[in-house]
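Please open the structure in your viewer and keep the sequence beside it, so that each selection can be found in both places. We will move from stop to stop, and at each one you will be told what to select and what is there.

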Amino acid sequence: MIVNPAGDTDVVRWSEPGFARIAQLASLRAGLTFPENRREITESALRRAMVHTGENDAGAFAERVAREPEAYAAALTELTVGETYFFRDPAQWDLIRKEIVPELMRAHPDGHGVRVWSAGCASGEEAYTLGIVLREAGCIDPTVVGTDLCEHRLGRAARAVYTKWSMRGVEETSRRHYFREKAQYFHLLPEFRDVRFRSLNLASSDYGNAGQELSELDVILCRNVLIYIDPETCASIFARLTAALREGGWLMVAASDPQPSSDLPLEVVLTDAGLLYRKTSTPAHAARKAATAATPHVVSRPLFRRTPRASHTPVRAHARIVALPTRVTPPVNDAAQLTRAYGAADYRRAVEVANAIIAAGDDTASTWVLLARSYANRGDLTLAAGTCASGLTRYPQTAELHVVESALESQGERFNAAADAARRALYLDRTLAVAQLALGTALLRIGDTIAADRALRACERMLGAQSAHESVPASGGALAGDLLSVVRAHRALLTERTSDVA
């Protein structure tokens, strides 16, 4: 994972011209970005690299970075941080074991021939975990490749010797099964070491083409990497990652990573472990694009959904809570009455009218949005969540329902789920400022300040383009000026937190 967050609009006030030169080189070669609010951390990283190379002048070090691979590697090692450990994000590993491997067995019925890639594997924990999970789920001798930008970390990966810090996601029984402990170190047993490691810059074109090692892959894990790369480079990387998959292959990214373009031949799969992407055939993708052009904002339906965990229950699990009246008398001009009642903050009447519309079978997506918002505004969050879930079952392509879902998840302090719901809204409609706000605030509560800042900046740009007295789409009637004040308050809090950390 990369220390330096994205910040394409910042002007960075470097203390030394040499640091600016190195940042420019890292940006051009690897797509890394270096915003002003992380400048001090970035410069500290470069000073550490200078110490490692015996250099004490930033300008001279910049010249060496430009021409010497060893100096460039030293700079990258300090500018990036391999924050990883074995079995990180257990829900995703559970998903691979229980859902994805059975799907892979349709293409590999004898268990042989599975090909997977851990992109940005750092010191190898993720790549080794991937191999372990695949083998234990029934894959026979899978081909596992781990790549990273920093050769120094790949050397550590090849040695397969780790400290207790890398074990913090491993239970004691599993430690004894996979590792041999010597003093303070844990040596991965030889039978679990069959991973090919190599250096790779994701911004290059050295993968995805037919005949290359990284092509026709069944699974690609690229988690907590792309969020720190500039948008243009990120789009190119997504295109190459997609090309590297076989038809039916899976792409897994982290919850805070950006999403691939809807133009790519990928279908979105909603799971309790987050969004996944599955490569589709070219004809099917062309047909889907044609359908999307005719009906905006179409998203793939889930291929599977596991039983929700008690500790992370999506609001959709409450769909059956919604109770409709047994006797229905639809009001005259019911949709207009619903809009007027909600606009007048008469939420009791809005609930009554909306339920009548739904029971009569005359509902639209807007009916469910206003009903869920009305329940929430009355303080009945359980019925609001149930209504939202039922609405999403009926109208899954409605971005505003996902925005409401995100707000309700945040109310329940389920901030990871809130962030996922906001991302679904943005997948359906990237122009929604309120979805960026929901995403930013959820990520802020999670502690992912880098991604939160990016979402809040995007929201600020969108709201700034509107009149202060203009109603913001999908916001329930909030004015752009009011929401802009909220965004700036969150950004001020974010800046304060970042300064404290720095």
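The tour below visits a sheet, a helix, several salt bridges and the cysteines of this model, which is a predicted one.

**First stop: a sheet**

Begin by selecting residues 161-162, which form strand 3, and residues 179-182, which form strand 4; then add residues 185-188, which form strand 5. Together these make an open sheet of three strands in the order 3-5-4, and the pairing is antiparallel. Strand 3 and strand 4 are the edge strands, each of them pairing on one side only. If you look at how strand 3 meets strand 5, you will find an antiparallel pairing over two bridges. Which residue of strand 5 is the bridge partner of Tyr162? The partner is Phe186, so you may wish to show both residues as sticks.

**Second stop: helix 11 and what covers it**

Now select residues 334-343, which are helix 11, and colour its buried residues, namely Asp334, Leu338, Ala341 and Tyr342. These residues lie on the same side of helix 11, because they cover an arc of only 95 degrees around the axis. On the face turned away from this buried side, you will meet the exposed residues Arg340 and Gly343. Next, display helix 12 (347-359) and helix 13 (365-377), which are included in what covers the buried residues of helix 11. Before leaving, select Ala345, which follows helix 11 and has a positive phi, near 65 degrees.

**Third stop: salt bridges**

Side chains of opposite charge can pair when their charged atoms come close. The structure holds 28 salt bridges, and a few of them are visited here.

Select Glu213 and Arg198, which form a salt bridge whose closest N and O atoms are 2.7 Å apart. This pair links distant parts of the chain, since Arg198 sits in strand 6 (196-199) while Glu213 is in the loop between strand 6 and strand 7 (217-221), 15 residues apart. Glu213 is partly exposed, with a relative accessible area of 29%, and Arg198 also counts as partly exposed, at 26%.

Return to helix 12 and select Glu352 and Arg348, whose side chains meet in a salt bridge at 3.5 Å, N to O. Glu352 and Arg348 are four residues apart in helix 12, and therefore about one helical turn separates them. Glu352 counts as partly exposed at 41% relative accessibility, whereas Arg348 counts as exposed at 51%.

Move on to helix 16 (residues 415-428), where Arg423 and Asp420 are three residues apart, separated by about one helical turn. Their salt bridge has its closest N and O atoms 3.2 Å apart. Are these two residues buried or exposed? Arg423 is buried, with a relative accessible area of 7%, and Asp420 is buried as well, with 11%.

To finish this stop, select Asp453, Arg457, Glu460, Arg488 and Arg491 together, and you will see residues that are linked in a network of salt bridges.

**Last stop: the cysteines**

A disulfide is a covalent bond between the sulfur atoms of two cysteines. How many disulfides does the structure hold? The structure holds zero. Select Cys222 and Cys234 to follow one case: the cysteine sulfur closest to that of Cys222 is in Cys234, and because the distance is 8.1 Å, it is too far for a bond. Cys222 is buried, with a relative accessible area of 0%, and Cys121, the final residue to select, counts as buried at 1% relative accessibility.

Key. Residues are numbered from 1 along each chain as its sequence is written. This is a predicted model: local features need pLDDT of at least 70, side-chain atom pairs count only at pLDDT 80 or more; totals for chains, interfaces and linings use all residues. Side-chain values use heavy atoms; hydrogens and water are left out. Two strands pair if DSSP finds at least two bridges between them. Buried means under 20% relative accessible area, exposed over 50%, partly exposed in between (1.4 Å probe, protein chains only). The arc is that of the directions from the helix axis to the C-beta atoms. Contact means heavy atoms within 4.5 Å. A salt bridge is a side-chain nitrogen of Lys or Arg within 4 Å of a carboxyl oxygen of Asp or Glu. A disulfide is a pair of cysteine sulfur atoms within 2.5 Å.
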